[in-house]
Amino acid sequence: MIVEIGHFALVLATVIAVVQLVVPAIGATTRNPAMMAIGGPAALTQALLVAISFAALTHAYVTSDFSVENVYINSHSAKPMLYKVSGVWGNHEGSMLLWVLILAIFGAAVAIYGDNLPDTFRARVLAVQASIGVAFLLFILLTSNPFNRLVPAAIEGRGLNPILQDPALAFHPPFLYVGYVGFSMAFSFAVAALWEGRIDAAWARWVRPWTLAAWMSLTLGIAMGSWWAYYELGWGGWWFWDPVENASFMPWLAGTALIHSAVVMEKREALKVWTILLAILAFSLSLLGAFLVRSGVLTSVHSFAVDPKRGVVILVIMSIFVGGALLLYAFRASELRTGGLFQPISREGALVLNNVLLTTATITVFVGTLYPLALEAFNGAKISVGPPYFNMTFVPLMIPLLLAIPVGTMLPWKRGDLFAALQRLTFVAVLSIAALLATFAIVRRGPWLAPVTIAIGAWVMIGSVYDWLSRIRAFEVGRDEMFRRARNLPRSAYGTLLAHFGVGIMVIGITATSAWQTEVIKAVKPGESLAIAGYEVTFRGTAPRRGPNYQETVGLFAVSKGGTPFLELEGTKRLYDAPRQATTEAAIHASMFGDLYVVLGDELSDGGYAVRAYFHPMVRLIWIGSIVMSLGGILSLLDRRLRVGAPTRARRREPQPAE
Amino acid sequence: MTRKQRRGTLLAVAIAGVSAAVLLVMFALRDGVDYFYTPTRVMAKEVGPGVSFRLGGLVAAGSVKRGEGTKVAFDVTDVTATIPVVFEGILPDLFREGQGIIAIGKLEPSGRFVASSVLAKHDENYMPPEVAKSLKEQGVWQHVGKPDDTKSAPKQ
């Protein structure tokens, strides 16, 4: 019964979404206030209905209702509760429902917080948001219905893929989706602005917080996926340039460009036309990601069900939205008035450089991801584009971007003096060079470029701190004045500083672990040991153990350093009950300088085991950096001036709010 | 600086950035990619020794032999042709006979494939699409489980 209610709510949500699309659109065109007013309540109702539907599916999972095909295929009664719930989005159908739920919630947010938007504009935003909803609701109902019944009902489910039964991965998809779908907000606003033929700084003030929230969520989602891959896949890789990873990385890059260009638009009313285009692109890349992952066109170590029919439908949806938006852009963009002038050497100029580099980087990732598809269609050759390609294209583009961060934040708006900015950064440069020399002194082996990249990371980090110190005039004014300035600095400034600081942390982590990782693979019998990075790892033997829904072989390792024992580690191999699938759980000892990572391999014919040990220097900085970046985003969001719907009621119908 | 000049400068920066990227991409696509071959195509001498590529197929039944230490030898087959493979290291959890895998490495002049890494999907029912396709092309495709069975890690 509850399942049917869920199904019915989904159908009803689709009908409401059609109403939300059509009525406000006509209302906005004919200036009919009553029709425009339908948009808000419709958006709320749609969100409520999708939420009911989602709750019904969750209920089916939690109660292990195996009369539902989706639950039967993806769940098992003996699974821990957390994974019963996360199983809802651990499959194609359920994850689409989550996607639509987030989309509807974003639409409802416009309805709730949007009463300070001009009526026609709000009606159009809601209509565009609804059109995306209609497309995906129909997609679910017609090709991927999670509520399909199984007759006769099964007694037991097939279980969730064991490698997905993991806390980090349980929350990885929702974070990613909030990111992807969050960009729909920017998209709807962009299309509505083109439709209306008018755009002003209030637009950016609206779009920026939502994009920022989406970006933060996407940052955390990607970081979680990377963290999971690191400890779960058994060889300590944290990024593979896998097509599916790239599918999430491209919207992130475009979104990063968007939050920067929206600043220029909000503060200086410049780059309007470009920002609109970026808003369209960011969401288009999210749609592309959905297509790549769900159509099976790309070879990836992780992709969803290979179902050409679904792929074609998503391709059609994507073509309509991307094509339609770009067409509208082509016709309407020239009508938008361009604003604020600036010199090339200025804060605006620096942000343009940021945008050029980030967009170009997005293009290189795009080419690397889709080139195999194009080539196969062209001459049938099957290739895979791996890390060497991305190291050769993406990394060189990131270096000037990183170098420019401290310089850009030092430049004033409108017109700057590059020489003066560089002069102020002398101290930062000296410290970074010191970091370079120190790195050379400590590690003599490894690629020569690595210490340089470490120095670049230091440059970004120290640059952020120095920027803060100079803003509060730390070296010029008294202590009280300094504290006063520190308090009065807007939170968005702290957000920027923190996010950039996080980027620096991450760069150092990536460099250290890529350049100085060590690996030892050895066949060991109980009692034998292997040496890695100053650690002595002794294999003690194995023991069986029973987990909640798996049987595991525990490999015991005693670790000593310089002859003194200091740690015991357990690396296990698990065999899950349902489905019967093996996974490896690495033994990881984290320390300030790096992770000792030990994996129990296959049993060998002579009674020994293949054991693989890694030392990943400073690998944790990668995820710490991403968390710091997201915290920067949160701080920015908390800024009073950026609060959602910041254009106040008093300014309601002014086309150009004074800044 | 007039609006026109400003636009010109921006355009110049953008064009410089994009053309640098295009050069990088063209350069990288020449060296940074691996081609995929099936055993049949390897036997047809489509790829020579010393070139890195991806070999995809099924692990032949009864062919896995463990050597000393972590050395292992097995055959990769697409039924029509079979290539011997050697690998030193730890095989993925889902590596087993009959399973579809991809090995990355180079051919030796003797015709033996030396793999530097071996990939299997994180899912029992998974078959690398290239392998599935080439098996289908040769008419030896047998489906494992139901067609909608290939669910796997949602990275999206």
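## A tour of one sheet and one helix pair

Start by selecting A:Gly555 and A:Gly571: these two glycines are bridge partners, with A:Gly571 lying in β6 of chain A. Keep in mind as you look around that this is a predicted model.

Now widen the selection to the strands around that bridge. Select residues 550-561 of chain A for β5 and residues 564-576 for β6; the two strands run antiparallel and are joined by 12 bridges.

Next, bring in the rest of the sheet. Its five strands, all from chain A, are ordered β3-β4-β5-β6-β7, and they make an open sheet with antiparallel pairing. Which strands stand at the edges? Colour 529-532 (β3) and 582-585 (β7) of chain A to find them: each has a single partner strand, so one side of each is left without a neighbour in the sheet. Turn the view a little and you can follow the twist from strand to strand: neighbours in this sheet are turned by 25 degrees against each other on average, direction ignored.

Leave the sheet and move to a pair of helices. Select α8 (residues 167-196) and α10 (residues 243-268) of chain A, which pack with their axes 11 Å apart at an angle of about 45 degrees. That angle falls in neither the parallel, antiparallel nor perpendicular range, so α8(A) and α10(A) count as oblique to each other. The crossing of α8(A) past α10(A) is left-handed.

Finally, show side chains where the helices meet. On α8(A), pick A:Leu176, A:Tyr180, A:Phe183 and A:Ala186; facing them on α10(A) are A:Ser248, A:Pro251, A:Gly255 and A:Leu258. This contact of α8(A) with α10(A) comprises six nonpolar residues, two polar ones and no charged ones.

Note on methods
Residues numbered from 1 in each chain as written. Chains lettered and ligands numbered in written order. Predicted model: local features only at pLDDT ≥ 70, side-chain atom pairs only at ≥ 80, totals over all residues. Pairing = 2+ DSSP bridges. Helix = DSSP H or I, 4+ residues; strand = E, 2+ residues; numbered from the N terminus. Axes fitted to C-alpha atoms, helices over the stretch in contact; angles between N-to-C directions. Parallel < 35°, antiparallel > 145°, perpendicular 65-115°, else oblique. Left-handed = near helix turned anticlockwise from the far one by under 90°. Contact = placed C-beta atoms within 7 Å. Nonpolar A, V, L, I, M, F, W, Y, C, P; charged D, E, K, R; others polar.
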